[in-house]
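Hi,

Here is the structure I promised to pass on to you. Have a look at it first, and then read my notes below.

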Amino acid sequence: MQADTQTSPVLASVLMISAMAIIGVVDNVVILLAETIGLWQFHLSRAVLMLPLIVGLSLLGFGGLRPRRLGPVVLRSVLITLAMLCYFASLALMPIAQALAGLFTSPIFVLLISALVLRQKIGPWRILAVLTGFSGILIVLQLNPYEFDALTLLPMAGGLFYALSAIITRSHCAQESTVALLAAMVITLGLAGAIGVVALVVYPLPVSDGPNGFVTRGWVWQIGPAVPWIVVQAVGSTAAVFMLIKAYQIGDPSYVAVFEYSVMIFGPLFAWAAFGQAIGVIQIAGIALIALAGALLGWRAGRAPEPEEVT
C-alpha cells in the first residue's frame, strides 16, 4: 500500500453512505427496464450515456481521464466487470435474495484478504462490525440455511471479485484520478455488454417473458419504455460510483466496505415508499444490525488510528 496516500475515514464513510443512498434508489428501477430489454443491452446503453457525463466531470475539473498506471486500472475494471456479471447471471438461476447475500460477502473477503494476504492488523472490533453487518444482511434477506445449493457459489464469486477490486483500488489506484477509474470501469462494462449482445445474436438462447428473460434477452429495437429508466440509471450511477471509488481511494477497504451494507437500508425503504413493498419486523431488526455495524466502525475509527488497532 502506498505510504503517501492520505486517509480520511470520516469522509470515506460519508461518501460511501451517499453513494449507497443513490444506488438504493436507482437500482429499484432495474426491474422496470428489465421488462423490455436485456442485461447486455442495458450495460451497453448505460455505458454510452455515462461516458459523456464522465467526460463532463473531467472538464469540470474533477480529474483527468488518462490513468497513471494502465495495468492496475484495467485489472480493477475487469474484476468489477466479472463481479457484476457473476451477480446478474445468478439472478437467472436463483432467488434475488440469495444473489444479493452472495454478492454482499465482499466485506468478509476484504477482511480476510487484508488480514491473511496483506498482513494488516485487524482488531476484533472491526471483525465484530463486519460480522454484525453481514448478519443483518442475512436477516433482511431472510435466507433459509437448509436450502443451500452449489449455485450459491456464483454470486459469492462476484463478492470475491468485488472485494479484490476494492483492495486494488486502495493499494494500487489510490493516486489515480477518480474520473479515470470510473471511465475505465464503464468502458469495460460497456464492452462486456457489447460482447454479450453479439454473442446472443449469433447464438440466441430461449428468452422468458418480462424480467425473467433479462439475462438471456439479446438486442431489442423497441426500447422506448426502458429509455427513461436507463437515463435514471446512467445519471445516478455516474454520481454514485464516482463517490464509491473516491471512498475506497481515501479509506481503508476493510473499513469502507462495511458501509456498503447501508444500501440494504436505502433500497428497501425506497421500495416501500415508491412501490409499497412492506418491511417486516424481522427485516427492521436486520437493518438495525447493519446500522449498528456502521456506528461501531465509526466509533473505533475516531478512537484510534486503524493500522495500530490491536484490541
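Let me start with one glycine: G286 has a relative accessibility of 0%, so it counts as buried. Keep in mind as you read that this is a predicted model. G286 sits in helix α13, which covers residues 281–303. Which residues does G286 touch, once those up to four places away in sequence are set aside? They are G136, I139 and V140. There is also L138: its C-alpha lies 7.5 Å from that of G286, although 148 residues separate the two in sequence.

Now for the chain as a whole. You will find 13 helices and zero strands in it, so going from the N terminus the elements simply read α-α-α-α-α-α-α-α-α-α-α-α-α. The chain has 311 residues, and 51% of them count as buried. If you take the contacts with a separation of 6 or more, 88% are between residues 24 or more positions apart.

A good example of such a long-range pair is G24 with F266. They are 242 residues apart in sequence, yet their C-alpha atoms are 5.0 Å apart. G24 belongs to helix α1 and, at 3% relative accessibility, is buried, because the cut-off for that is under 20%. Not counting residues up to four places away in sequence, G24 touches V263, F266, G267 and F270.

Those contacts lead to the packing of two helices. α1 (residues 9–26) and α12 have their axes 8 Å apart and meet at an angle of about 30°. Is their crossing left-handed or right-handed? It is right-handed. On the α1 side, the contact is made by I17, M20, A21, I23, G24 and V25, and on the α12 side by V263, F266, G267 and F270. Sorted by class, that contact has eight nonpolar residues, two polar ones and no charged ones.

Some more on α12 itself: it has 13 residues (263–275) and reaches 17 Å from its first C-alpha to its last, close to the expected 18 Å. Its buried residues are V263, M264, I265, G267 and A271. After α12 comes G276, with a positive phi near 75°.

Next, have a look at α3, residues 39–59. With 21 residues at 1.5 Å a residue, α3 should span 30 Å, and its end C-alpha atoms are indeed 30 Å apart, so the two agree. Where does α3 bend? The bend is at M50, by about 25°, and a proline, P52, follows within four residues. Many names are on the buried list for α3, among them W40, F42, H43, R46, M50 and I54. Just after α3 you will see G61, which also has a positive phi, in this case about 95°.

One last residue to click on is T169, in helix α8 (residues 153–171). Is T169 buried or exposed? Its relative accessible area is 2%, and buried means under 20%, so T169 is buried. Leaving aside neighbours within four places in sequence, T169 is in contact with R76, A174, I245, Y248 and Q249.

That's everything from me for now. Happy browsing!

Best wishes

Notes
Residues numbered from 1 in each chain as written. Predicted model: local features only at pLDDT ≥ 70, side-chain atom pairs only at ≥ 80, totals over all residues. Heavy atoms only, no water. Helix = DSSP H or I, 4+ residues; strand = E, 2+ residues; numbered from the N terminus. Expected span 1.5 Å × (residues − 1). Buried < 20%, exposed > 50% of the residue type's maximum accessible area, 1.4 Å probe, protein only. Bend = angle between axes of the 7 residues up to and from the residue. Axes fitted to C-alpha atoms, helices over the stretch in contact; angles between N-to-C directions. Left-handed = near helix turned anticlockwise from the far one by under 90°. Contact = heavy atoms within 4.5 Å. Nonpolar A, V, L, I, M, F, W, Y, C, P; charged D, E, K, R; others polar.
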